[in-house]
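Work through the exercises below with the sequence and the model side by side. Try each task before reading its solution.

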Amino acid sequence: ERINFVDFFHHVIDRFEMNKREDIAFERYLPKEEAFISIDKDKIMQVLDNIISNAIKYSPDGGTIRFRLRKDSQKLLISISDEGMGIAYEKLDKIFERFYRTDKARTRKLGGTGLGLAIARDLVEAHHGVIWAESKEGRGTTVLFTIPLNRKRGEVR
Ligand code: ATP
Ligand code: MG
């Protein structure tokens, strides 16, 4: 389905913003121009839900969550940053494995099964994209993913 990703992303963020804890703030850095792309909307919605749920769950009181969207000639780059406890460098890849939860997540007794990011990775890869995380322990986490625009051959820009 071909959609304007900017509108779609705003809608997903709006839904979380209406229901969010009052002690966290949202900031959006999305382009004003349209960004059309062919995606399975339900599946990318699931990816965003899983990442945003984590950002909220692992945010401290007073934390800010930042939403970013960049577009280049090849792809969309979506990123969601929080100011939570962060993830140790050596664990950054493991969080995308099924049932993996860091010690900090467990010791803080935050609910979850450890499937959210594994599902997100499968869905992003089904769109031929890449997903990864960057983090500074104690400072916050950013989860990023790409979706290629895969413009059809011969299509005019
Ligand atoms: P589920 O999503 O299935 O309810 P979960 O949130 O524990 O459970 P994932 O979403 O797959 O599972 O995340 C895996 C682990 O990665 C988490 O348990 C947590 O340790 C770590 N993690 C994920 N996102 C963040 C984040 N934003 N900040 C800190 N740690 C995170
Ligand atoms: Mg999760």
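The exercises go from the whole chain to its core, its strands and single residues.

This is a predicted model, in which local features need pLDDT of at least 70 and side-chain atom pairs count only at pLDDT 80 or more, while totals for chains, interfaces and linings use all residues. Residues are numbered from 1 along each chain as its sequence is written, and chains are lettered from A and ligands numbered from 1 in the order in which they are written.

**Exercise 1. Describe the overall build of the chain.**

Step 1. Count the elements: the chain has four helices and seven strands. Helices (H or I, at least four residues) and strands (E, at least two) are DSSP runs, numbered from the N terminus.

Step 2. Read their order from the N terminus: β-α-β-β-α-β-β-α-α-β-β. The radius of gyration is 16 Å, close to the 15 Å that the globule rule gives for 157 residues, so the chain is as compact as a globular protein of that length. The radius is taken over C-alpha atoms, and the rule is 2.2 Å times the number of residues to the power 0.38.

Step 3. Along the principal axes, the C-alpha atoms fill a box of roughly 55 × 30 × 25 Å.

Step 4. Of the contacts between residues at least 6 apart in sequence, 66% join residues at least 24 apart. A contact means that two C-beta atoms, placed from the backbone, lie within 7 Å.

**Exercise 2. Locate the largest nonpolar core and say which elements build it.**

Step 1. Apply the burial cut-offs: a residue is buried if 20 or more other C-beta atoms lie within 10 Å of its own, exposed if 12 or fewer, and partly exposed in between, with C-beta atoms placed from the backbone. Buried residues make up 24% of the chain.

Step 2. A nonpolar core is a set of buried Ala, Val, Leu, Ile, Met, Phe, Trp, Tyr and Cys residues joined through C-beta atoms within 7 Å. The largest one has 24 residues, and Val47, Leu48 and Val124 are among those with the most contacts inside it.

Step 3. At least two residues each come from H1 (5-19), H2 (41-57), S4 (64-71), S5 (75-82), H4 (116-126) and S7 (140-148). H2 gives the largest share, six residues.

Step 4. Beyond its neighbours within four places in sequence, Val124 is in contact with Val47, Gly129, Val130, Ile131 and Phe145.

**Exercise 3. Find the strands that pair with S7.**

Step 1. Strands pair if DSSP finds at least two bridges between them. S5 and S7 run antiparallel and are joined by eight bridges; Leu76 has Ile147 in S7 as its bridge partner.

Step 2. S6 and S7 are also antiparallel, with six bridges, and Trp132 has Leu144 in S7 as its bridge partner.

Step 3. Three residues lie between the strands of the S6 and S7 hairpin, where Gly138 takes a positive phi near 80°.

**Exercise 4. Is Arg121 buried or exposed, and what does it contact?**

Step 1. Arg121 lies in helix H4 and counts as buried because it has 21 C-beta neighbours inside 10 Å.

Step 2. Leaving aside neighbours within four places in sequence, Arg121 is in contact with Phe96 and Ile131. The C-alpha atoms of Arg121 and Phe96 are separated by 6.7 Å, although the two are 25 residues apart along the chain.
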